[in-house]
Amino acid sequence: QVQLVESGGGSVQAGGSLRLSCAASGSIVRINAMNWYRQAPGKQRELVAQIINLDNTNYADSVKGRFTISRDNAKNTVYLQMNDLKPEDTAVYYCKIDVITRPFKYESYWGQGIQVTVSS
């Protein structure tokens, strides 16, 4: 089993910044991809950013140039630095990890979700 703990959400005015964190713990052999998704009210969950290795990253077009995903493998933690936030970034943000667990099983786990609210 793997547990994910998200932190760093909250409310901010447009143009502001927030940093999300997601720490994984449990029977982890290796974490492959680490992802941030978001889901706004009435919309489908969408992939915001992904990091596979330390420098292999992908972003949704809507956040390119404003958000930065990073990871600390020693801490099994993924971060999402969000700058120049816009009201349309308001959503519940979820981390998702693709992980190899002991003894050797490929699995995916989701965090509980964290609210980000951006006011105009």
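This talk covers the salt bridges, the nonpolar core and one buried aspartate in the structure above.

First, the ground rules. This is a predicted model, where local features need pLDDT of at least 70 and side-chain atom pairs count only at pLDDT 80 or more, while totals for chains, interfaces and linings use all residues. Residues are numbered from 1 along each chain as its sequence is written, and side-chain values use heavy atoms, with hydrogens and water left out.

Salt bridges, then. Side chains of opposite charge can pair when their charged atoms come close. The term here means a side-chain nitrogen of Lys or Arg within 4 Å of a carboxyl oxygen of Asp or Glu. How many salt bridges does the structure hold? There are 6.

Look at Arg 38. One salt bridge links Arg 38 to Glu 46, with the closest N and O atoms 2.7 Å apart. Another links Arg 38 to Asp 89, at 2.9 Å between the closest N and O atoms. Arg 38 lies in strand E4 (residues 28-39) and Asp 89 in the loop between strand E8 (77-82) and strand E9 (91-101), so the pair ties together parts that are 51 residues apart in sequence. Strands, labelled E, are DSSP runs of at least two residues, numbered from the N terminus.

Are these residues buried or exposed? Buried means under 20% relative accessible area, exposed means over 50%, and partly exposed is in between, using a 1.4 Å probe and protein chains only. Arg 38 is buried at 6%, Asp 89 is buried at 1%, and Glu 46 is partly exposed at 35%. Salt bridges with shared partners join Arg 38, Glu 46, Arg 66 and Asp 89 into one network.

Next, the core. A nonpolar core is a set of buried Ala, Val, Leu, Ile, Met, Phe, Trp, Tyr and Cys residues joined through side-chain atoms within 4.5 Å. The largest one has 31 residues, and Trp 36, Leu 80, Met 82, Tyr 93 and Ile 97 touch the most other members. Strand E9 gives the largest share, 5 residues.

Last, Asp 98, also found in strand E9. Asp 98 is buried, with a relative accessible area of 19%. Its side chain makes a polar contact with the side chain of Ser 108, at 2.7 Å. A polar contact is a pair of N or O atoms within 3.5 Å; within protein, one must be able to donate a hydrogen and the other to accept it, and residues adjacent in sequence count only if both atoms are side-chain atoms.

Conventions: Helices (H or I, at least four residues) and strands (E, at least two) are DSSP runs, numbered from the N terminus.
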